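Hi everyone, thanks for coming. I'll take a few minutes to walk you through a structure that may be new to you, so have a look at it first.

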Amino acid sequence: INPKHWQAQLGLGKALLNLADCAQAAPAFLEALKLQPGNEEAQAGLAACVATYVRAGQDFAAQENCPEAVGQFMEALKLDPENAAAQAGVAACAGE
């Protein structure tokens, strides 16, 4: 895979997302967006990773495991600093 080829990065991101590996998929989507700004498929993949992190954070919060929940919410916020659900999750755990 040529790391400077946006289609290769996009394909890698999609494959890793299909394996539920957002820790590796998100950097590939970010690289694809760096090489091909505005690419809708890469943006969608990144959004899917954000949603995955938020869901995981919410699941941990529901189990009253705030340290793990905050970790997941922070991963979401690294990718989307304006994500309201992740912000609310961090705030809710900080209030406990």
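Before I read out the fold, a word on what I'm calling a helix: helices here are DSSP runs of H or I, at least four residues, numbered from the N terminus. With that in hand, reading along the sequence gives the pattern α-α-α-α-α. In total that's five helices and zero strands. Keep in mind that this is a predicted model.

Okay, the overall picture. The chain has 96 residues, and 34% of them count as buried. Along the principal axes, the C-alpha atoms fill a box of roughly 45 × 25 × 15 Å. And if you take the contacts with a separation of 6 or more, 40% of them come from residues 24 or more positions apart.

Let's start at helix 1, which covers residues 6–18. How far apart should its ends be? With 13 residues at 1.5 Å a residue, helix 1 should span 18 Å, and its end C-alpha atoms are indeed 18 Å apart, so the two agree. Which residues of helix 1 are buried? Those are Ala8, Gln9, Leu10, Gly13 and Leu16. Their cover includes helix 2 (22–35) and helix 3. Then, just after helix 1, you'll find Ala20 with a positive phi of about 60°.

Next up, Phe60, which sits in helix 3, residues 40–62. Is Phe60 buried or exposed, or something in between? Its relative accessibility is 24%, and since buried means under 20%, Phe60 counts as partly exposed. Leaving aside residues up to four places away in sequence, Phe60 touches Asn65, Glu68, Ala69 and Gln72. For a sense of distance, go back to Pro37: that's 23 residues from Phe60 in sequence, and the two C-alphas are 34 Å apart in space.

Last stop, the pair made by helix 4 (residues 66–79) and helix 5 (residues 84–94). They pack at an angle of about 150°, with their axes 9 Å apart. Angles over 145 degrees count as roughly antiparallel, so that's what helix 4 is to helix 5. The crossing of these two is left-handed. On the helix 4 side, the contact is made by Cys66, Ala69, Val70, Phe73, Met74, Ala76 and Leu77, and helix 5 brings Ala85, Ala86, Gln87, Gly89, Val90 and Cys93. What classes do we get there? The contact of helix 4 with helix 5 has 11 nonpolar residues, two polar ones and no charged ones.

That's my tour, thanks for listening.

Notes. Residues are numbered from 1 along each chain as its sequence is written. This is a predicted model: local features need pLDDT of at least 70, side-chain atom pairs count only at pLDDT 80 or more; totals for chains, interfaces and linings use all residues. Side-chain values use heavy atoms; hydrogens and water are left out. Buried means under 20% relative accessible area, exposed over 50%, partly exposed in between (1.4 Å probe, protein chains only). Contact means heavy atoms within 4.5 Å. Axes are lines fitted to C-alpha atoms, for helices over the stretch in contact, and angles run from 0 to 180 degrees between N-to-C directions. Angles under 35 degrees count as roughly parallel, over 145 as roughly antiparallel, 65 to 115 as roughly perpendicular and the rest as oblique. A crossing is left-handed if the near helix is turned anticlockwise from the far one by less than a right angle, and right-handed if clockwise. Ala, Val, Leu, Ile, Met, Phe, Trp, Tyr, Cys and Pro count as nonpolar, Asp, Glu, Lys and Arg as charged, and the others, Gly among them, as polar. The expected span of a helix is 1.5 Å times one less than its number of residues.
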